[in-house]
Amino acid sequence: MADGLTHRIADLEDAPALAEVMEAAIAELQRGFLDPAQIASSRMIMGLDRQLLIDGTYFVVEADGRIAGCGGWSRRATLYGGDHTPGRDAALLDPATEAARVRAMYTHPDFARRGVGRLTLDLCEAAARAEGFRRVELMATLSGRALYSQCGYQDIEGIEDDRGGAAVPLVRMGKAI
């Protein structure tokens, strides 16, 4: 693994530690891309989706005995959001006609730019491909968009999600796998 990174499938016992990584990433890595009101609003539309843990499609990436990052993929219709985000849809996708979802990608700020996100994307894409999916889609934050572009994802549409109060700009992106 790059830079001593290891990975494993997350389980429900990981939820508290994952939530801490997510909070640190939301608070720190979006600075420079979003203002404080938008970062606060992000907490409503981002975060832990325990369905990914239950489905066994969520990865933990570790380094130096700590969680360096996390992320997963889904065979369900929800494109983004946590347990608390309104409008979720647990319907199963058809791998022959629909794109798998890359979901809830977070890197702890202490491990940014060390290959955590790229490793997590590779794991997600390989797992989705193994289940017969030919495309993946994700909803990128402005802070994550550069990584996804470097990994071959292309913009589909830009949106603003204001369910948390302030409008947060996001970009739906996709890739053939």
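# Close-up views of a predicted model

**Figure 1. The largest pocket has a volume of about 800 Å³.** This view, like those that follow, is taken from a predicted model. Of the 36 residues that line the pocket, Met105, Thr141, Ser143, Gly144 and Tyr148 are the closest to its centre. At least two lining residues come from each of helix H1 (15-29), strand E4, helix H4, strand E5 and helix H5 (145-150). Strand E4 makes the greatest contribution to the lining, with 6 residues. By residue class, the lining consists of 22 nonpolar, 10 polar and 4 charged residues.

**Figure 2. Strand E4 (residues 100-107) is largely enclosed by the rest of the structure.** The basis for this description is a count of buried residues: 8 of the 8 residues of E4 are buried, so the strand is described as largely enclosed. One of the residues in E4 is Ala104. Its relative accessibility is 16%, and because buried means under 20%, Ala104 counts as buried. Ala104 also has a positive phi of about 50 degrees, although it is not a glycine. Most residues other than glycine have a negative phi.

**Figure 3. Strand E4 pairs with strand E3 (residues 66-74) in the antiparallel sense.** The two strands are joined by 5 bridges. Two partnerships may be located in this view. Ser74 has Arg101 of E4 as its bridge partner, and Gly69 has Thr107 of E4 as its bridge partner. Strand E3 is itself largely enclosed by the rest of the structure, because 8 of its 9 residues are buried.

**Figure 4. Strand E4 also pairs with strand E5 (residues 135-141), here in the parallel sense.** This pairing is made over 2 bridges. In E5, Val136 is the bridge partner of Ala100. Together with helix H4 (residues 116-130), strands E4 and E5 make a β-α-β unit, and this unit is right-handed.

**Figure 5. Strand E2 (residues 58-63) and strand E3 form a hairpin with 2 residues between them.** The strands of the hairpin are antiparallel and pair over 6 bridges. At the turn end of the view, Ala63 has Arg66 of E3 as its bridge partner. Asp64 lies in the loop between E2 and E3. The phi of Asp64 is near 55 degrees, a positive value in a residue other than glycine. With a relative accessibility of 64%, Asp64 counts as exposed, because the cut-off for that class is over 50%.

**Figure 6. Cys70 and Cys124 are not joined by a disulfide.** The sulfur of Cys70 is 10 Å from the closest cysteine sulfur, which belongs to Cys124. A disulfide requires sulfur atoms within 2.5 Å, so this separation is too far for a bond. Cys124 is likewise in no disulfide, and the nearest cysteine sulfur to its own is that of Cys70. The count for the model comes to 0 disulfides. Cys70 has a relative accessibility of 1% and therefore counts as buried. Cys124, also at 1% relative accessibility, counts as buried too.

Technical notes. Residues are numbered from 1 along each chain as its sequence is written. This is a predicted model: local features need pLDDT of at least 70, side-chain atom pairs count only at pLDDT 80 or more; totals for chains, interfaces and linings use all residues. Side-chain values use heavy atoms; hydrogens and water are left out. Buried means under 20% relative accessible area, exposed over 50%, partly exposed in between (1.4 Å probe, protein chains only). Helices (H or I, at least four residues) and strands (E, at least two) are DSSP runs, numbered from the N terminus. Two strands pair if DSSP finds at least two bridges between them. A crossover is right-handed if, with the strands pointing away from the viewer, the path from the first strand over the helix to the second runs clockwise. On a 1 Å grid over the protein atoms alone, a cavity is a set of points where a 1.4 Å probe fits but cannot get out, and a pocket is an open set with protein on both sides within 12 Å along at least five of seven lines; lining residues have an atom within 4 Å of a point. Grid points are joined across faces, edges and corners, and a volume is the space filled by probe spheres set on the points. Ala, Val, Leu, Ile, Met, Phe, Trp, Tyr, Cys and Pro count as nonpolar, Asp, Glu, Lys and Arg as charged, and the others, Gly among them, as polar.
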